[in-house]
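Q: Please take a close look at a single part of this model, the strand pairing in the sheet, and follow it outward into the surrounding packing and empty space. A connected account is preferred to a list.

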Amino acid sequence: MRYGYIRPIVEDQQCTQQLTELNIDILFTEKHGLARKRTELEQLLMTVQKGDDLFVQNLLVLADSLQQLSDILRLAERDQITIHFLDEQLTSQSLQEASLLQSVTFFAKLQSKFHSHSSTFTLQAAKQQGISIGRPRKSDDNLQRAFAMYDSKSYTLFDIKEETGISKSTLYRYLDERTT
């Protein structure tokens, strides 16, 4: 049987560009791009049987980390399932002929993509929940006091930090914003 698995990824959040030209018997579609609660993937992995083929657009669709990819490939090998990664033109049973440097470079880029994907969807989920992202702003009173101390040239950066709780790097970042 030919199975397909798609899920939102950074480059295709609506899943409109995945597995578009393949004849798939059963398609499993994840509703979100987050790493946790991938119920469709779990269902798929419980459904496939010996000799089945699983098609995914790329490695990033199937896994969120190198460890998860390794676990899924190990499961596919044990259950004699072939996973086809279309973009990479690989299967779970093939190995590219590559030097160690090329292989390490490939997996380093893949790890970077995993991190970027995870960060993007985590930030989107946080924004949807109304959680503010980024550094917390310092209170205006504290900032004004730190600016006054800095401008007076009577205080060291250590004195300013001790008095206001604003570190040197934070003070300089705010000073840069103040002048622009």
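A: In this predicted model, Phe-55 has His-84 of E4 as its bridge partner. Asp-53 is likewise matched with a residue of E4, in this case Thr-82. These pairs belong to the contact between strand E3 (residues 53-56) and strand E4 (residues 82-85), which run parallel and are joined by four bridges.

The side chains of E4 are divided between two directions. Thr-82 and His-84 point one way, Ile-83 and Phe-85 point the other way, and all are buried. Both Ile-83 and Phe-85 are among the residues with the most contacts inside the largest nonpolar core.

On to the next strand: E4 and E5 run antiparallel and are joined by two bridges. Here Phe-85 stands opposite Leu-90 of E5. The hairpin made by E4 and E5 has four residues between the strands, and Gln-89 in this hairpin takes a positive phi near 55 degrees.

Phe-85 also has a long list of contacts once its neighbours within four places in sequence are left aside. The list includes Val-56, Gln-57, Asn-58 and Leu-59. Leu-62, Leu-69 and Leu-73 are in contact with Phe-85 too, as are Leu-90, Thr-91 and Ser-92.

E3 has a further pairing, with E1. E1 and E3 are parallel and share three bridges, and within this pair Tyr-3 stands opposite Leu-54 of E3. Taken as a whole, the sheet is open and has five strands in the order E2-E1-E3-E4-E5, with mixed pairing. Strand E2 (26-29) and strand E5 (90-91) are at the edges; each has a single partner strand, so one side of each has no neighbour in the sheet.

The packing around the sheet comes next. The largest nonpolar core has 23 residues, and those with the most contacts inside it are Tyr-5, Leu-44, Leu-54, Val-56, Leu-62, Ile-83 and Phe-85. The elements that supply two or more residues to this core are strand E1 (2-6), helix H1 (39-47), E3, H2, helix H3 (66-79), E4 and H4. Of these, H2 gives the most, with four residues. A second core, separate from this one, has nine residues, Leu-143, Met-149, Ile-160 and Leu-175 among them.

Some empty space is also enclosed. The count is one cavity of 30 Å³ or more, and the largest cavity holds about 30 Å³ of space. Its lining consists of Leu-45, Val-48, Leu-54, Leu-75, Ala-76, Ile-81 and Ile-83. By class, that lining has seven nonpolar residues, no polar and no charged. Ile-83 of E4 is thus found both in this lining and among the residues with the most contacts inside the largest core; Leu-54, which stands opposite Tyr-3, is likewise named in the lining and in that core.

The second largest pocket has a lining of another composition. About 290 Å³ of space lies in this pocket. It is lined by 16 residues, and the closest to its centre are Glu-11, Asn-58, Asp-87, Glu-88 and Lys-113. Asn-58 is also one of the contacts of Phe-85. Helix H2 (59-62) and H4 are the elements that give two or more residues to the lining, and H4 gives the most, with five. The lining divides into five nonpolar, five polar and six charged residues.

H4 also contains His-117, the helix as a whole covering residues 100-128. His-117 counts as buried because its relative accessibility is 1%. Not counting residues up to four places away in sequence, His-117 touches Arg-7, Pro-8, Ile-9, Val-10, Gly-33, Leu-60 and Asp-64. Along the chain, Thr-105 is twelve residues from His-117, and the C-alpha atoms of the two are separated by 18 Å.

Conventions
Residues are numbered from 1 along each chain as its sequence is written. This is a predicted model: local features need pLDDT of at least 70, side-chain atom pairs count only at pLDDT 80 or more; totals for chains, interfaces and linings use all residues. Side-chain values use heavy atoms; hydrogens and water are left out. Buried means under 20% relative accessible area, exposed over 50%, partly exposed in between (1.4 Å probe, protein chains only). Contact means heavy atoms within 4.5 Å. On a 1 Å grid over the protein atoms alone, a cavity is a set of points where a 1.4 Å probe fits but cannot get out, and a pocket is an open set with protein on both sides within 12 Å along at least five of seven lines; lining residues have an atom within 4 Å of a point. Grid points are joined across faces, edges and corners, and a volume is the space filled by probe spheres set on the points. Ala, Val, Leu, Ile, Met, Phe, Trp, Tyr, Cys and Pro count as nonpolar, Asp, Glu, Lys and Arg as charged, and the others, Gly among them, as polar. Two strands pair if DSSP finds at least two bridges between them. A nonpolar core is a set of buried Ala, Val, Leu, Ile, Met, Phe, Trp, Tyr and Cys residues joined through side-chain atoms within 4.5 Å.
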